[in-house]
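Here are some short exercises to work through with the model open beside you. Try each task on your own before you read its solution.

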Amino acid sequence: MNVPMLIDGFTQKKECRTSLKSSSIGTGFLAGFGLAQFVVASAKAGAFFIVN
């Protein structure tokens, strides 16, 4: 889920395009959603490991 954010930042840094607020918000949302999925899955696995 962080790949779109990396591509967005890399293309802006290399000056292939200008920054658009909508694309930054969209890629940031996707990255945040992906990170939240990872955190929840990790917490569930950790809780399962501790309980069992």
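Before you start, keep in mind that this is a predicted model.

**Exercise 1.** Work out which residue forms a salt bridge with Asp8.

*Solution.* Begin with the idea: side chains of opposite charge can pair when their charged atoms come close. Next, recall the cut-off, a side-chain nitrogen of Lys or Arg within 4 Å of a carboxyl oxygen of Asp or Glu. Asp8 and Arg17 meet this rule, since their closest N and O atoms are 1.8 Å apart. The count for the model comes to one salt bridge.

**Exercise 2.** Decide whether Asp8 and Arg17 are buried or partly exposed.

*Solution.* Buried means under 20% relative accessible area, and exposed means over 50%. Asp8 has 7%, so Asp8 is buried. Arg17 has 32%, so Arg17 is partly exposed. In the protein, buried residues make up 10% of the 52 residues.

**Exercise 3.** Describe the surroundings of Asp8.

*Solution.* First, place Asp8 in helix H1, which covers residues 3–13. Then look at its side chain: there is a polar contact with the side chain of Gln12 at 2.9 Å, and another with the side chain of Thr27 at 3.3 Å. Finally, leaving out residues up to four places away in sequence, Asp8 touches Arg17, Ser23, Ser24 and Thr27.

**Exercise 4.** Explain why the protein counts as more spread out than a compact globule.

*Solution.* Start with the secondary structure, which is two helices and zero strands. The radius of gyration is 16 Å, well over the 10 Å from the globule rule for 52 residues, so the protein is more spread out than a compact globule. The C-alpha atoms fill a box of roughly 50 × 20 × 10 Å along the principal axes.

Terms used
Residues numbered from 1 in each chain as written. Predicted model: local features only at pLDDT ≥ 70, side-chain atom pairs only at ≥ 80, totals over all residues. Heavy atoms only, no water. Buried < 20%, exposed > 50% of the residue type's maximum accessible area, 1.4 Å probe, protein only. Helix = DSSP H or I, 4+ residues; strand = E, 2+ residues; numbered from the N terminus. Rg over C-alpha atoms; globule rule 2.2 N^0.38 Å. Polar contact = N/O pair within 3.5 Å; in protein donor to acceptor, adjacent residues only side chain to side chain. Contact = heavy atoms within 4.5 Å.
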